[in-house]
Amino acid sequence: MGTDNAIDPVALGKNKVWIAQYPYEPQNQKYTDYSAWQWTYNVTFPGINGTFDMNSDYNKYFISQGQGGAINDGRYATVVKDNYTIWQNFSWTKKADSKAYLGQTLQLKVRYEHINGSTYYSLYDNQGNWVGYINSGGVKVADGPQGNWQSKQTYVKFKEPGTIYRDFTFTKTAPITSDMVKNTYKVTGTYHHFDGTYYDSVYDFSGKWIGYIASTKLAVQTNQGPALADGRYVTITSGNYSIWQNFSWKVKASSKDYLNKTVLAKYRYEHLNGSIYYSLYDQSGTWLGYMNANGTKTANNAGGTAISSGKYVTITSKNYSIWQNFSWKEKNKSSNFYGQTLQVKVYYNHFNGSTYSSLYDNKGTWLGYINANGTKEASNAAGINQSYHKKITFTQNFPLWQNFSWKQKSTVTNAMKGQTFEARYVYRHFNGSNYLSIYDNKGTWLGYVNESATKVVK
């Protein structure tokens, strides 16, 4: 017929198929690889009206509530969900909540492939006590009785010398020496073994795995862990962090009090909260406190990290070195740039307490690092006013500027060329020109003029 094999038993799974086939004289069980065999539909019973089907229920789907027959299992699993019900039976009488066994490793003696599409495990504890039935989604099957890895973050010390295991057959071991007892280690995970023991997975601070050991043989340390020698220089780059007195989070200071300052991180702590904390010291050896590393930037040396500037300075001292690097290799001398206006693209707040400006000329050439004490910061690219106090006359009809944003105040006229004026100050502009601040004989300020439009007179 056209409907032959419309249901493919192989594709569906023979253990889920009920087959009807009626022999003339049924004698032996047949079709045992199927779930059930109906071998007649015409049985009668004395005193009962009607005829009845007769079946051999190999997987007990018909005499059960749909769970099917018990399938031997024997594996171990860890309860990983806290919102599953553990059932007393397949009439769905509640026996317990999975939360009561969360993280525990139990044995799956048998399982049931229910007709609702779910698998149910029959759970037993290490005393042989039956726990109940749980949907397989609430557990994670393990490789062995140790159960599954579970996250655990803590610092520990070994309580005494002894043995640590390298596998869960407990045949591969390593020694715990007396020197190891002195050190602190990190636990990154644990296994809740079927026997009831917690075995912690232990690492050293280089990330090397040490092995598994019962947690009862470990002494838990503080959450910040040990002080790890560091010795780097860091610049405090954020002003909204607390600097702590201790790891009970008593505030000692605010990072804004040290913003852009370069300090020494003598030690660091890799806290279990996921953050790294530096133990900070200033150049006099004074301890400043503990600070989250996220509020700092690590420097390559005691110079600290570059802090953006873009400002202009005028060199005001002749006796400063201009450095090639912070190993104090000299690149030039300030006397060669005395009075010039240069740009500070970045600056460094050195650990020694001084600020060093990174200087560039108007061609973009880097000149080196100079102690900021040898300069004076200007308000714009004109630089600072420097004493001039000379009598001048005008030689060209140049603009007289109101300011160095180049707003014109007036212009030198032909009539002014025959007069004498006072140039009180000079501005050695970053653009390479000098600008004189001009006054008339009544002391009235006339504006700034390019020096090339003037001539000094006696």
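Select Phe394, Ile438 and Val449 in this predicted model. Of the 14 residues in the largest nonpolar core, these three touch the most other members. Next, colour the strands β32 (386–394), β35, β36 (434–439) and β37, since each of them supplies at least two residues of this core.

Keep Ile438 selected and display its surroundings. Which residues are in contact with Ile438, leaving aside its neighbours within four places in sequence? The list comprises Ile392, Phe394, Phe421, Glu422, Ala423, Thr444, Trp445, Leu446, Gly447 and Val449. Another core, of 12 residues, lies apart from the largest one, and it can be found by selecting Val263, Ala265, Tyr278 and Leu280, which are among its members.

**Aromatic rings and charges**

Select Tyr427 and Tyr448 next. Tyr427 belongs to strand β35 (residues 421–428) and Tyr448 to strand β37 (residues 445–450), so the pair of rings ties together parts that are 21 residues apart in sequence. A pair of aromatic rings is described by the distance of the centres and the angle of the planes. Here the ring centres of Tyr427 and Tyr448 are 5.4 Å apart and the planes stand at 80°, so the pair is edge-to-face; the angle that counts for this label is one over 60 degrees. Are the two residues buried or exposed? Tyr427 is buried, with a relative accessible area of 12%, and Tyr448 is buried as well, at 13%.

This is one of the 46 aromatic pairs that a search of the whole structure finds. For a group of rings, select Trp87, Phe90, Trp92, Tyr112, Tyr120, Trp130 and Tyr133, which form one aromatic cluster.

Two rings with a charge over them may be visited in turn. Select Arg424 and Tyr439: the charged end of Arg424 sits over the ring of Tyr439, 3.9 Å from its centre. Then select Lys390 and Tyr388, where Lys390 lies over the face of the ring at 4.9 Å from the ring centre.

**Two open sheets**

Switch to a cartoon view. Strands of a sheet pair through backbone hydrogen bonds, either parallel or antiparallel. Select the strands β18 to β24. These seven strands form an open sheet with antiparallel pairing, in the order β20-β19-β23-β22-β21-β18-β24. Which strands stand at the edges of this sheet? They are β20 (251–254) and β24 (296–298); each has a single partner strand, so one side of each is left without a neighbour in the sheet. Neighbouring strands of this sheet are turned by 45° against each other on average, direction ignored.

At the β24 edge, look for strand β18 (residues 228–236), which pairs with β24 in the antiparallel sense over three bridges. Selecting Thr235 leads to its bridge partner in β24, Lys297.

Now select the strands β25 to β31. Seven strands again form an open, antiparallel sheet, and their order is β27-β26-β30-β29-β28-β25-β31. The edge strands are β27 (330–333) and β31 (375–378), each of which pairs on one side only. In this sheet, neighbouring strands are turned by 45° against each other on average, direction ignored. Strand β26 (residues 321–323) joins β27 through three antiparallel bridges, and Trp323 stands opposite Glu330 in β27.

**A strand with two partners to inspect**

Select strand β11 (residues 149–158). Strand β14 (residues 185–192) pairs with β11 in the antiparallel sense over six bridges, and Tyr155 stands opposite Lys186 in β14. Strand β17 (residues 218–220) also pairs with β11 in the antiparallel sense, over three bridges. There, Lys157 stands opposite Ala219 in β17.

**Two loop residues with positive phi**

Most residues other than glycine have a negative phi, and most peptide bonds are trans. Select Phe170, in the loop between β12 (162–165) and β13 (173–176). Phi of Phe170 is positive, near 60°, and the residue is partly exposed, with a relative accessible area of 28%. Then select Trp406, in the loop between β33 (399–401) and β34 (408–411). Phi of Trp406 is also positive, near 65°, and Trp406 is partly exposed, with a relative accessible area of 34%.

**The whole chain**

Finally, clear the selection and view the entire chain. How many helices and strands are there? The chain has two helices and 38 strands. Buried residues make up 41% of its 458 residues. Among contacts with a separation of 6 or more, 54% join residues 24 or more positions apart.

Notes
Residues are numbered from 1 along each chain as its sequence is written. This is a predicted model: local features need pLDDT of at least 70, side-chain atom pairs count only at pLDDT 80 or more; totals for chains, interfaces and linings use all residues. Side-chain values use heavy atoms; hydrogens and water are left out. Two strands pair if DSSP finds at least two bridges between them. Helices (H or I, at least four residues) and strands (E, at least two) are DSSP runs, numbered from the N terminus. Axes are lines fitted to C-alpha atoms, for helices over the stretch in contact, and angles run from 0 to 180 degrees between N-to-C directions. Rings of Phe, Tyr and Trp (its six-membered ring) pair if their centres lie within 6.5 Å; planes under 30 degrees apart count as stacked, over 60 as edge-to-face and the rest as tilted. Buried means under 20% relative accessible area, exposed over 50%, partly exposed in between (1.4 Å probe, protein chains only). A charge sits over a ring if NZ of Lys or CZ of Arg is within 6 Å of the ring centre and within 35 degrees of the ring normal. A nonpolar core is a set of buried Ala, Val, Leu, Ile, Met, Phe, Trp, Tyr and Cys residues joined through side-chain atoms within 4.5 Å. Contact means heavy atoms within 4.5 Å.
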